[in-house]
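Here's a quick briefing to read with the structure open beside you. Take it one topic at a time and find each residue as you go.

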Amino acid sequence: MDMRKLVGRNLARLRQAQKLTQEELAMRSGFSQQYLSDMERGLKNPTIITLYEIALALSVSHVALVEPDGMAEETAPQPKQRRAAGTSRIK
């Protein structure tokens, strides 16, 4: 799961749910519109402090920005199956 993309999707969803533009959120949060745009596109790797400050500006928990949204599972590679000890590939 790419956490940058997950945070970006959550940020865009939360912002749009409040009918805020990126410019309005920029004014509230103190981050530039360009930075917020880059975050929404998964191009930034924000610190936990940045996530906390943006969450405050949106009046949501900082956890809401990192919660799984169900989209990542669709494309995430499945872990390899491990063989039990003592078994071999040869049949």
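In which helix is E40 found? E40 sits in helix 3, and that's a handy place to start looking around. Keep in mind that this is a predicted model. We'll begin with E40, move on to how the helices pack, then go through some salt bridges and finish with a patch on the surface.

**E40 and its surroundings**

- Is E40 buried or exposed? Its relative accessible area is 16%, so E40 counts as buried, the cut-off being under 20%.
- Leaving out residues up to four places away in sequence, E40 touches G8, R9, L11, A12, R15 and Q22.
- E40 also has a salt bridge: its side chain meets that of R15, with 2.6 Å from N to O.
- That pair links distant parts of the chain, since E40 is in helix 3 and R15 is in helix 1, 25 residues apart.
- R15 is a buried partner, because its relative accessibility is 9% and buried means under 20%.

**How the helices pack**

- Two packed helices are described by the angle between their axes and by the distance between those axes.
- Helix 1 packs against helix 3 (residues 33-40) at an angle of about 120 degrees, and their axes are 7 Å apart.
- Why call this pair oblique? Angles from 65 to 115 degrees count as roughly perpendicular and those over 145 as roughly antiparallel, so at about 120 degrees helix 1 and helix 3 are oblique to each other.
- On the helix 1 side, the residues that meet helix 3 are R4, V7, G8, R9, L11, A12 and R15. On the helix 3 side, their partners are L36, M39 and E40.
- Helix 3 also packs with helix 4, this time at about 105 degrees with the axes 13 Å apart.
- That angle falls in the range of 65 to 115 degrees, so helix 3 and helix 4 are roughly perpendicular to each other.
- Which residues meet here? Y35, L36 and M39 come from helix 3, while T50, L51 and I54 come from helix 4.
- Notice that L36 and M39 turn up in both lists: they meet helix 1 residues and helix 4 residues too.

**Salt bridges**

- How many salt bridges does the count come to? The answer is four, and one of them is the E40 and R15 pair from above.
- D69 and R9 form another salt bridge, with their closest N and O atoms 2.6 Å apart.
- D69 lies in the loop between helix 4 (48-58) and helix 5 (72-75) and R9 lies in helix 1, so this pair ties together parts that are 60 residues apart in sequence.
- Both partners are partly exposed: D69 has a relative accessibility of 27%, and R9 has 26%.
- D2 pairs with R4 in a salt bridge as well, and here the closest N and O atoms are 3.6 Å apart.
- D2 counts as partly exposed at 29% relative accessible area, and R4 does too at 37%.

**A nonpolar patch on the surface**

- Now look at M1, M3, V63 and V66: together they make a nonpolar surface patch of about 340 Å².
- M1 belongs to the segment before helix 1 (3-17).
- Why is M1 called exposed? Its relative accessible area is 56%, and exposed means over 50%, so M1 makes the cut.

Notes. Residues numbered from 1 in each chain as written. Predicted model: local features only at pLDDT ≥ 70, side-chain atom pairs only at ≥ 80, totals over all residues. Heavy atoms only, no water. Patch = residues over 30% accessible without salt bridge, like charges linked within 9 Å, V, L, I, M, F, W, Y side chains within 5 Å. Areas by Shrake-Rupley, 256 points an atom, 1.4 Å probe, with all protein chains shown as cover. Helix = DSSP H or I, 4+ residues; strand = E, 2+ residues; numbered from the N terminus. Buried < 20%, exposed > 50% of the residue type's maximum accessible area, 1.4 Å probe, protein only. Axes fitted to C-alpha atoms, helices over the stretch in contact; angles between N-to-C directions. Parallel < 35°, antiparallel > 145°, perpendicular 65-115°, else oblique. Contact = heavy atoms within 4.5 Å.
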